[in-house]
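This report looks at a ligand site, a metal site and some unusual backbone geometry. Please keep the sequence and the model side by side while reading.

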Amino acid sequence: MKNRYLLNLLLLLPMLFIIVSCTSNPYIRKIPKEQYVVMLSLDGFRWDYSQLADTPNLESIARDGVKMESLQPSFPSKTFPNHYSIATGLYPDNHGIVQNSFYDPELDRYYKTGDRQAVEDQAFYEGEPIWVTAENQGLTTASFFWVGSEAPVQGVYPSQWKRYDHEFSYEARVDSVIGWLNLPEKERPRLITWYYPEPDGVGHHYSPESQEVKNMVEYLDSLIGDFLTKLEALTIADQINVIVTSDHGMARISGDKVIYFDDYIETAWLDTALGSNPFWMFDPKEGYKDSVLLNLQSHPHLHVWEKDSIPEHLHYGSNQRVMEIVAVPDINWSIAWRAEEVPTDYVGGAHGYEPQYKDMHGIFYAKGPAFKEGYIQATTENVNIYPLLAKILGLEPAETDGKLENVQHMIVPRMLSTE
Ligand code: AMP
Ligand code: ZN
Ligand code: ZN
């Protein structure tokens, strides 16, 4: 009799364990089969802006979901290379958008952010953006501005996309995205990418720790609050994963830390110089490569490399669009030419520096059925976002530099086991 009682208890124990672990484990939730991803990029939103301003809505995402300590950009930490790294999971060297502006020797054409014809030409875009992966696998996607979404990469556009319009009303962007999520199921996009060009603009103009940046960050946070409220009213609210991210951070620059190229080299030694503070590339004239290198390398705050000897951690220099010499200064330093002298009392903001500087780091906040609650993810590189999105949307991912294993701890374990 006693033995039988013991046996029953032994049989019950595993069940009790399961019941206890189900009720006490905060990560166990019902996981909807069809999940949505709505990813917003706030250009130039530095990793620590939420400590410099009041951002209750971003903090609510962190509380209900996950927050990354910081998101490390790819090199160079500029807007176009990094939005396209987030979209493709590739370093700029491997996706081809090696800078905001570059020259392609094979096409014999320039790519420039302001040149609509170039920006909308698929010939410049390598790799596979997540919306192309999704569309090819039968999912509908939409984009309210994202670098690369205005060109038919591999012949595929998002089902809905917009031609970039810097002035488009910020409030109307919220309503358009909500409108897409309100569409009948057949047309409703499962992946939406959208974008605001701030706080990058004010960060450049007034410097990252300015009152203007604080005001802008608080305004953007209020838009996120409006967005979250409208999202919660949707019938599919519990199927939606919300991501708020950024392409890079911002560093303070000042007129007392300027390197004038023409104090070190003759412009006559250069065939082509292409760049914007603080990142520059050069093709020297025949016979002048060593002079350019040696003279620029003499500045203690300037890093100058031949394209094939760029430090490995920058994953840069193999693409034919990277010019022969690459130059970038220490953080907080600027590069200029004497023709555009910078007043000594000038203060502003810049990005483009090496990604290991924390001031170059952006943000990653996310909540929704795929994400754990109240989880803090250590800093990771932005190339890991593509595999994360592919996992959440149940897509077979393309080959990427990023790896799911670097970010999968943000996802509820049951999603990882449901193949
Ligand atoms: P930057 O700070 O120079 O790296 O670039 C930021 C600027 O990129 C923003 O102010 C936008 O005007 C611009 N931008 C962002 N996305 C696009 C796009 N899809 N097409 C054209 N310009 C864009
Ligand atoms: Zn940017
Ligand atoms: Zn910028």
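How many residues surround ligand 1, and which are the closest? In this predicted model, 13 residues surround ligand 1. The closest are Thr-79, Asn-100, Glu-150, His-166 and Asp-200.

**The ligand 1 site**

By class, the shell around ligand 1 holds 3 nonpolar, 6 polar and 4 charged residues. Side chains make polar contacts with ligand 1, including those in the table.

| Side chain | Ligand 1 atom | Distance |
|---|---|---|
| Glu-150 | nitrogen | 3.0 Å |
| His-204 | oxygen | 3.2 Å |
| His-351 | oxygen | 3.1 Å |

On its own, ligand 1 has 500 Å² of accessible area, and the protein covers 81% of that. The space that ligand 1 takes is the second largest pocket. Two or more residues of the shell come from each of α4 (79-88) and α9 (200-206).

**The zinc ion (ligand 3)**

Which protein atoms are donors of the zinc ion (ligand 3)? Asp-200 appears twice, each time through an OD atom. His-204 and His-351 each give NE2. These donors lie 2.0 to 2.5 Å from the zinc ion (ligand 3). Along the chain their spacing reads D-x3-H-x146-H.

Helix α9 holds both Asp-200 and His-204. The two are 4 residues apart, about one turn of the helix. The zinc ion (ligand 2) is 4.3 Å from the zinc ion (ligand 3).

The two sites share residues. Asp-200 is a donor of the zinc ion (ligand 3) and is listed among the closest residues to ligand 1. His-204 is likewise a donor, and a side-chain N or O atom of His-204 lies 3.2 Å from an oxygen atom of ligand 1. His-351 also serves as a donor, with a polar side-chain atom 3.1 Å from an oxygen atom of ligand 1.

**Backbone geometry**

Most residues other than glycine have a negative phi, and most peptide bonds are trans. Where are the exceptions described here?

Phe-75 and Pro-76 are joined by a cis peptide bond, with omega about -5 degrees. Pro-76 sits in the loop between β3 (71-72) and α4, and α4 contributes to the ligand 1 shell.

Glu-198 and Pro-199 are also joined by a cis peptide bond, with omega about 10 degrees. Pro-199 belongs to the loop between β8 (191-196) and α9. Helix α9 carries the donors Asp-200 and His-204.

Ser-207 has a positive phi, near 85 degrees, though it is not a glycine. Ser-207 is in the loop between α9 and α10 (211-232).

Conventions: Residues numbered from 1 in each chain as written. Chains lettered and ligands numbered in written order. Predicted model: local features only at pLDDT ≥ 70, side-chain atom pairs only at ≥ 80, totals over all residues. Heavy atoms only, no water. Near = heavy atom within 4 Å. Polar contact = N/O pair within 3.5 Å; in protein donor to acceptor, adjacent residues only side chain to side chain. Areas by Shrake-Rupley, 256 points an atom, 1.4 Å probe, with all protein chains shown as cover. 1 Å grid on protein atoms, 1.4 Å probe; cavity = no way out; pocket = protein on both sides within 12 Å on 5 of 7 lines; lining within 4 Å. Sits in = over half its atoms within 2 Å of the grid points. Nonpolar A, V, L, I, M, F, W, Y, C, P; charged D, E, K, R; others polar. Donors = N, O, S within 2.8 Å, 3.2 Å for Na, K, Ca; no water.
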